[in-house]
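This briefing introduces a protein structure to a reader who has not met it before. Please look over the sequence and the structure before reading the notes below.

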Amino acid sequence: MTADPVQHTPTPIRVRSVGTRLERVDGLEKVTGRAGYAVEHGADDGFDGALVAWLVTSTVARGRVTSVDTAAAAAHDGVVAVLDHTSAPRLADTDDGELAILQDPQVHFRGQVVALVLAETAESAREAASLVEVSYDVEEHEAELTEEAATYRPDSVNPAFDTDSDTGDVDAALAEAAVVVDEEYRTPHEHNNPMEPHATTAVWRSDGDGEVLDLVDSTQAVHGVASTLAPMLGLEQDQVRVRAPYVGGGFGSKGQPHAHVVAAALAARHVSPRPVRLAVTRQQMFALTGYRTATISRMRLGADADGRLTAIEHRVFEQSSKVKEFAEQTAVPTRMLYAAPNRRTSHRLAMLDVAVPSWMRAPGEMPGVFAHEVAMDELAQACGLDPVELRLRNEPDVDPETGNPWNNRRLPECLHRGAERFGWAGRPAEARATLEGDWWVGTGMAAATYPAYRQGGNAARVTALDGGRYAVAIGAVDIGTGARTVLTQIAADALEVGTDAVDLEVGDTRLPSASVAGGSSGTASWGSTIVAAAQAFRERHGDDPGAGAEVLAEAADDPLGTDVAFHSFGAVFAEARVHRRTGEVRVPRLFGVYSVGRVVNPVTAHSQLVGGLVMGLSAALFEESWRDARFGHVVTQDLASYHVAAHADVRDVDAEWLEESDDAFSPMGARGIGEIGIVGTAAAVVNAAHHATGVRVRSLPVTADHFLGGR
Amino acid sequence: MRAAEYVRASSAEEAVGLVAGNPDAAFLGGGTNLVDHLKLGVARPDLLVDVRRLPFGGVEQQDGPDGPVLRIGAGVPNSDLAADPVVRGRLPVLARALLAGASGQIRHQATTGGNLLQRTRCVYFQDVTTPCNKREPGSGCSAAGGYGRYNAILGASETCVATHPSDLAVALAALDAVVVTLGTDGERRVPMADLHRLPEDAPERDTTLAHGELVTAVEVPLTDVARRSTYTKVRDRASYAFALVSVAAALDLDGDTVREVRLAWGGVAHKPWRARRAEEALTGAVLDEAGIEAAVAAELSDAVTDDQTAYKVPMLTGATVQTLLDLAAEETA
């Protein structure tokens, strides 16, 4: 590998492939089943004769393990080892309470890893896991989120925002406001549920180079896994190799390693040099791999008679786990969405004996904008204003929180174009005005926003090959979004060659360092770095390089300056139908218009935006992780009881975008698109259901019972 | 691996003998429910007797003592039964109930007999780390006071508030079907109303069948009233979900007046709930919304609800009104 990376400030590329509908470069492998996912690696990849690891999880929410009787499990056919907190290899660093498993007898939540079984087959491992007898000293636990219990003030909220904000005099403004909305909005616990469960293949080798842990992991960040695990395992980061060639979705839950990766590493160390495969079951995912906390939002909006906001207050009550803090930044988008001279936000947590919450698609924005945008609909109603007009009247000239200029705030154009394309005009002003057959029909809308990030810590390598071809390498991960495809397009345009002249390598810590596929930052961060490397390569080696010419580069403009507010925006429109006798809710139409910078590939981008809309629809109507506080765990812990939208629910769903290029943000002109589709969508559906029925639902999901007077 | 012996039975008698002679044996049909239970640890049989290849495949009209019946082999897949021309033409409630259930893939795999004998989807029944009287008698009921959205409102007991999940069973209850079984004592005919039971103090028993008693066929009377019949399934998700409540109904009108009505409900009890009190209230009366609401209220006078199930009363009322008015409109059309 080249020595130190070149620092190069990327300049806007001349687009040729970018903006066109290049087919997914890995489509054939995927549809023919040749794409190997995390536990589909064998001898060909250095994982010959892998054992299967099965997790044993706690059946109490709090207490101490007093004994683990492994006799029956160990005697079971095919079982090689049973590990518990007394026998598992020791970790060098146990500071992370979620990850430091099998090190002590403490049980912090129901579903925590308390033992694991290693066996020759999955069947043996699973059965033996059920034979492990764990005894506990049970302690009283707390697992119920209430506003009263949410008293803990975190030092910051995810990832590093101020916990509270207070500008002007909210109370005085509310006292003088002509119109006030003062309501509580709730969102439930939600689980990411990517199609591929979290899974890892691991082998721990000792050879001439010392010890090496080699992982194939279903992750959104190979370098993130290595940098987290290495110090815990007493290894240098370059002793941990992580590959993620194909990943079946993550939605944030694979953004950071969870306990099962540590379990796989400990298991591999114990049976070294035999490899180990560990796949988390769907039920175990509900305790072990992150989720979105439930939120309670106390919203107060004050406005003058014309609907101009004078005060916005958003107080959030949510929960985290005692064993590891995660504070969802629910009120953070409220700080920038609309203009109001007086604004106050806060976040308070109930610290409970529950599984550890984490990132789920648009953490913060999803629940926070839901609360804010339903409140805005209520304000429009109170002011007798069209909901679109209300948003237009409250456009801020600059970022209200920082006073920084907007780089490219085009929310009004999204609103206008969305209204026109959806057919918003002519909508009855009154709710409960349209009955078609046995269905009340209504329409609703909401704004969407998501910050634009370019992460630091990226490097890319460009190497000239024979015959005018180029190898382009970066340790990015394609989690199913199409990253391989769009990075190929970006590399080709930056090198000014065809996409078929680019051999893109991703998904391996042996490649240059890359940031997480998260925060809607992947394409912009990795793409800018690839452009920097390609441009530096051309500067150094010209247009006709010899084979082997190589440049490793970083984008010198990372991180971007903080004197400009970079955000994407959107407007979501929904039609809802509510059955007048059964209360059933259906959404026949859902439409979003987005301003996301230049779209690199219309096919994959459309999938991301529509996928976000569908996930927002799913959250609006169905998704709820029901925690039974008596036991402490989520009892709707499979896809038969945790409902996500099925085909019949997804009717006419479409997304469009404004033609634009944000050259100040990235050399491709692109911002991020992974998360904004879920933002505001549930609010649009709830607002449409209100318009249909006159019933205002302030908690998700908006199920049939809300419309039957029985709740 | 937990070893279980697998036997592909060559005759019904052999299958019955094998299962009846072993308390830890189970029949295996389509496996769409039992295989889940094997994975979850809910069922731990040591002998699986595959009845899929037994000659229980046909759907045929027969003359019974009380008129023509449709005899449906217990092994007929749900998808085949829903597509059968006689079922579609003369027993529309049956076809619609089947098509409202599960997914295309599951309907293709699931059998008629197995559908009737599927077990509750109560989340606690399926979670072996929580108490459940149905799974482990005497351990307690976690659903009472827990996740209750799908709980029963009729006929529940202190020991169990689970609901039966089958759509097909609700339709068959409305149609006065008879289940034909083979046991160690030979063939038996069980009216649908007597097949499933209320939990009382033995919720571990879903049905009145003995261990080892095999469903071989279902006989459905081909009555005139069944020609005008339908099924309404209410659920949050538009497909691939169990009923919050469901209504199977058949209606014969004389002008505006009800000559005959059949009404059965799903999602409300440990068994398909034949609403005989409501049927009585409706029969001979003019069919209108107020009358239907009063009839449903009469049937639900014993209903017990809580915060999580209270919605089922208005939902069931609305669904029953909708179903019967739709059938009436069909008749006059």
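The notes that follow treat domains, helices, the nonpolar core, strands and two single residues in turn. The model is a predicted one. The domain assignment divides chain A into three domains, and that of chain B gives two. The largest nonpolar core has 344 residues.

**Domains**

- In chain A, domain 1 is made of residues 6-34 and 456-555, domain 2 of residues 43-140 and 193-288, and domain 3 of residues 165-191, 292-453 and 564-707.
- Domain 1 and domain 2 of chain A have C-alpha centres that lie 33 Å apart. Contact between these domains involves 13 residues of domain 1 of chain A and 19 residues of domain 2 of chain A.
- In chain B, the assignment gives domain 1 as residues 5-48 and domain 2 as residues 225-332. The distance between the C-alpha centres of domain 1 of chain B and domain 2 of chain B is 36 Å.
- An unreviewed UniProt entry lists residues 32-140 of chain A as "domain: Aldehyde oxidase/xanthine dehydrogenase a/b hammerhead". Over residues 32-140 of chain A, helix accounts for 14% and strand for 32%, while the end C-alpha atoms are 51 Å apart.

**Two helices of chain A**

- Helix H6 of chain A covers residues 259-271, 13 residues in number. From its first C-alpha to its last, H6(A) reaches 19 Å, close to the 18 Å expected at 1.5 Å a residue.
- H6(A) is largely enclosed by the rest of the structure, because 11 of its 13 residues are buried. Among the buried residues of H6(A) are Ala259(A), Val262(A), Ala263(A), Leu266(A) and His270(A).
- Helix H14 of chain A, residues 681-693, also has 13 residues, which should span 18 Å at 1.5 Å a residue; the end C-alpha atoms of H14(A) are 19 Å apart, and this agrees.
- In H14(A), 13 of the 13 residues are buried, so that the helix is mostly covered under the cut-off of 20 or more other C-beta atoms within 10 Å. Gly694(A), just after H14(A), takes a positive phi of about 80°.

**The nonpolar core**

- In soluble globular proteins, nonpolar side chains tend to be buried together.
- Within the largest nonpolar core, the residues with the most contacts are Ala53(A), Leu116(A), Val117(A), Ala263(A), Ile530(A) and Val685(A). Helix H8 of chain A, residues 365-383, gives the most to this core, with 10 residues.
- Not counting residues up to four places away in sequence, Leu116(A) touches Ala53(A), Trp54(A), Leu55(A), Val56(A), Leu83(A), Ala263(A) and Ala267(A). Of these partners, Ala263(A) and Ala267(A) are among the buried residues of H6(A).

**Strands**

- Strand S6 of chain B, residues 178-183, is mostly covered, with five of its six residues buried.
- S6(B) runs antiparallel to strand S7 of chain B, residues 186-191, and six bridges join them. S6(B) and S7(B) form a hairpin that has two residues between its strands. Thr181(B) has Arg188(B) as its bridge partner in S7(B).
- S6(B) is also joined to strand S8 of chain B, residues 214-221, by five bridges in an antiparallel arrangement. In this pairing, Leu182(B) has Leu214(B) as its bridge partner in S8(B).
- In chain A, five strands make up an open sheet with mixed pairing, in the order S17-S18-S23-S24-S27. Strand S17 (435-436) and strand S27 (652-657) of chain A are the edge strands, each pairing on one side only.
- S17(A) pairs with strand S18 of chain A, residues 439-451, in the antiparallel sense over two bridges. Trp439(A) in S18(A) is the bridge partner of Glu436(A).

**Two single residues of chain A**

- Val179(A) lies in strand S9 of chain A, residues 179-187. Val179(A) counts as buried because it has 21 C-beta neighbours inside 10 Å. Leaving aside neighbours within four places in sequence, Val179(A) is in contact with Ala303(A), Ala305(A), Leu379(A), Ala382(A) and Cys383(A). Val179(A) and Asp96(A) are 83 residues apart in sequence, and their C-alpha atoms are 47 Å apart.
- Leu131(A) lies in helix H3 of chain A, residues 122-131. With 19 other C-beta atoms within 10 Å, Leu131(A) is partly exposed. Leu131(A) touches Ala72(A), Ala73(A) and His76(A), when residues up to four places away in sequence are not counted. Leu131(A) and Ala74(A) are 57 residues apart in sequence but 8.9 Å apart in space, C-alpha to C-alpha.

Methods: Residues are numbered from 1 along each chain as its sequence is written. Chains are lettered from A and ligands numbered from 1 in the order in which they are written. This is a predicted model: local features need pLDDT of at least 70, side-chain atom pairs count only at pLDDT 80 or more; totals for chains, interfaces and linings use all residues. UniProt positions are given in the numbering used here, feature names are shortened, and annotations may be inferred rather than shown by experiment. Helices (H or I, at least four residues) and strands (E, at least two) are DSSP runs, numbered from the N terminus. Domain bounds come from an automatic or database domain assignment. The expected span of a helix is 1.5 Å times one less than its number of residues. A residue is buried if 20 or more other C-beta atoms lie within 10 Å of its own, exposed if 12 or fewer, and partly exposed in between; C-beta atoms are placed from the backbone. A nonpolar core is a set of buried Ala, Val, Leu, Ile, Met, Phe, Trp, Tyr and Cys residues joined through C-beta atoms within 7 Å. Two residues are in contact if their C-beta atoms, placed from the backbone, lie within 7 Å. Two strands pair if DSSP finds at least two bridges between them.
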